[in-house]
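Please open the model in your viewer and keep the selection panel at hand. The tour below moves from single residues to a helix pair and then to enclosed and open spaces.

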Amino acid sequence: MGSVSPLHKLKVLVWGESAESALERKLVRKIDFFILTFCCVSYFFNYLDRAAVNNAYVSGMKEELNLKGNDITLLSTILTIGYIIGQVPHALAIHIVPPRVWFPAMIIVWAGLTMCMAACKNFTQMAVCRFFQGLIEASTYAGTQYIIGSWYKPAEIGKRVGLFSACGQAGTMFAGIMMTAVYTSMDGLGGMPGWKWVFVLCGIITMPIAVFGFCFFPDLPETTKAPYLNAAERALAISRLPPKNLEGHKIGWSIIKRTILTKNFWLFVIFWGFGGLLESYAGYTCMLLWMKTAKYTVQQNNQYPLAINGIAIASTLICAMTLDISGKRYPWGLLVCGIQAITAIVLLFWNHLGAGAKFAMFYLAGTSYAIQPIVFTWANIVLGRFDDSAARAVTLYSMNGSSSVFFAFWGVCFYPAVDAKSGYRNGAIAMIAVCVFMSIWMGLIYMQDRKTLKTFNAEHSHLEGVAPEADSVERVDIVLDAKQKALDAKN
């Protein structure tokens with residue numbers, strides 16, 4: 001038996017073991033390319049468009065639009081309100097309009113709204129644009145989580161969710177780089193300040209991904225008509241996953257009973273409602289606003305926060321890999337909570353910290369984004385054990401909505417711009433409380449995970465090749481592999 005090459009070991013570590021059959025390997029490569037390219041790039045531009053506002057604020061927009069006090073925080077809150085309102089309608093819409101049509105159409109609208117922001121003359125106009133931008137952009141995040149959970153096996157989900165989440169941070173990072181480049185090279189061009197050119201350019205470069213989606217996004221395994229998937233690949237895309245009930249796509253009044261009257265719905269909605277608050281220091285751009293009060297230069301304001309995004313990307317990807325390799329989620333969730341608690345405790349001593357220590361803690365807070373693959377991988381795996389696609393979509397979108405509900409008022413209450421100079425003391429106390437709550441709530445999620453896994457295994461124990469005594473968090477994958485072998489044997 002030949003030794004395994006270091007390159008192969010690295011590939012397995014980063015992306016997992018390849019499927020045994022050539023057909024499945026080919027299928028996974030195709031859906032990775034077409035699904036992840038569209039979803040990751042669209043999310044990159046989603047965050048690029050959002051982050052451009054905060055960068056524009058410290059690059060001249062504040063003075064030109066005469067923004068005062070907490071106006072920048074209110075703009076973020078207004079976008080969040082639109083984002084909340086849009087969640088469930090998008091979850092229902094993708095069961096009426098094919099995702100390959102709905103998602104690209106939303107991208108075109110939000111790109112247009114981004115360009116409109118360059119024409120805003122005051123706070124009110126900017127607020128209107130931000131509200132509708134949030135309403136439209138609500139389609140992207142939870143929609144992608146739903147699509148990933150629809151196409152991939154449990155042991156394949158974590159890394160895909162992590163890669164997708166990291167792309168949002170890459171968009172935020174690129175916004176700072178782009179603002180610096182535009183501010184220095186295009187400021188005043190055509191009589192327009194640099195911050196307005198950023199909005200125009202963001203909108204223009206977002207459009208091509210919508211065209212890609214219209215042409216190549218594959219919809220769902222059971223409805224796909226993608227020309228690059230042949231009949232055998234389409235059949236395999238369905239058979240390699242848990243059995244799906246076509247009735248699960250129905251969105252009549254029964255969807256209420258199938259969601260808000262179930263334990264899973266509330267467990268996961270509350271889970272991400274508080275989970276998203278772990279990202280408060282980075283999400284409310286606390287370091288950037290503090291730097292503004294400390295009189296750093298425009299270039300420094302745009303460049304220094306980039307390290308937060310770099311740390312967020314690295315920690316998210318590393319966490320995503322460990323999820324799939326270990327098959328565990330609870331320990332990594334506790335680790336993320338512990339790091340955020342340490343950050344908050346240190347920042348409580350704001351007046352005794354030097355600038356270097358403050359920067360270090362804000363950078364460490366970037367690890368909070370690793371909670372995203374933990375929460376949504378866990379949710380997709382547990383909800384995927386039930387054959388109700390519409391309920392899973394509504395739950396995932398509601399999770400995102402609940403997080404946004406908290407985010408809409410949390411920043412105003414605990415991380416207002418006027419507290420930037422004094423170090424957000426109330427925010428630090430709130431962060432510690434959130435970490436404690438999340439650590440306890442994850443215990444409840446863990447128990448529900450074990451319970452639903454036991455039920456799923458019992459219901460599928462008749463499948464050929466599955467040992468009744470097998471006891472693994474990811475035994476679902478064993479069930480699916482056995483099911484595929486049984487189908488292959490029949491054919």
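Select Ile 260 and show its surface: in this predicted model, the residue is partly exposed, because its relative accessible area of 37% falls between the limits of 20% for buried and 50% for exposed. Ile 260 sits in the loop that lies between α10 (254-259) and α11 (263-275). If residues up to four places away in sequence are set aside, the ones that Ile 260 touches are Phe 265 and Trp 266. Now add Ala 391 to the selection and draw a C-alpha to C-alpha distance, which comes to 9.3 Å although Ile 260 and Ala 391 are 131 residues apart in sequence.

Next, go to Thr 206, which is placed in helix α8 (residues 194-216). Is Thr 206 buried or exposed? Thr 206 has a relative accessible area of 0% and is therefore buried, the cut-off for that class being under 20%. Displaying its surroundings, with neighbours within four places in sequence left aside, shows Thr 206 in contact with Phe 45, Asp 49, Ile 107, Trp 110 and Ala 111. Keep Ile 107 and Trp 110 displayed, since both return as lining residues of the second largest cavity.

Then colour helix α2 (residues 22-64) and helix α9 (residues 231-239), whose axes are 10 Å apart and which pack at an angle of about 85°. That angle makes α2 roughly perpendicular to α9, because values from 65 to 115 degrees are classed in this way. To see the contact itself, select Leu 23, Glu 24, Lys 26, Leu 27 and Lys 30 on the α2 side, together with Ala 232, Glu 233, Leu 236 and Ala 237 on the α9 side, where the two helices meet. Sorted by class, the residues of this contact of α2 with α9 are five nonpolar and four charged, with no polar residue among them.

Turn now to the enclosed spaces, of which there are two cavities of 30 Å³ or more. The largest cavity holds about 860 Å³ of space, and a good way to centre the view on it is to select Tyr 47, Ala 282, Gly 283, Tyr 369 and Phe 407, the closest to its centre of the 41 residues that line it. Elements that contribute two or more residues to this lining include α2, α7 (154-185), α15 (306-326) and α19 (389-414). The lining of the largest cavity is made up of 20 nonpolar, 18 polar and three charged residues.

For the second largest cavity, with a volume of about 70 Å³, select Phe 38, Cys 39, Ser 42, Phe 103, Ile 107, Trp 110, Ser 139, Thr 140 and Thr 144, which line it. Here α2 and α4 (99-116) are the elements that give two or more residues to the lining, and the lining of the second largest cavity divides into five nonpolar and four polar residues, with no charged ones.

The last stop is the second largest pocket, in which about 350 Å³ of space lies. Centre on Pro 242, Gly 384, Arg 385, Phe 386 and Asp 387, the closest to the pocket's centre among its 24 lining residues. Which element gives the largest share of the lining of the second largest pocket? That share, four residues, comes from α20, while α6 (141-151), α7, α18 (371-383) and α19 are among the elements that each supply at least two. By class, the lining of the second largest pocket has ten nonpolar, eight polar and six charged residues.

Note on methods: Residues numbered from 1 in each chain as written. Predicted model: local features only at pLDDT ≥ 70, side-chain atom pairs only at ≥ 80, totals over all residues. Heavy atoms only, no water. Axes fitted to C-alpha atoms, helices over the stretch in contact; angles between N-to-C directions. Parallel < 35°, antiparallel > 145°, perpendicular 65-115°, else oblique. Contact = heavy atoms within 4.5 Å. Nonpolar A, V, L, I, M, F, W, Y, C, P; charged D, E, K, R; others polar. 1 Å grid on protein atoms, 1.4 Å probe; cavity = no way out; pocket = protein on both sides within 12 Å on 5 of 7 lines; lining within 4 Å. Points joined across faces, edges and corners; volume = space filled by probe spheres on them. Buried < 20%, exposed > 50% of the residue type's maximum accessible area, 1.4 Å probe, protein only.
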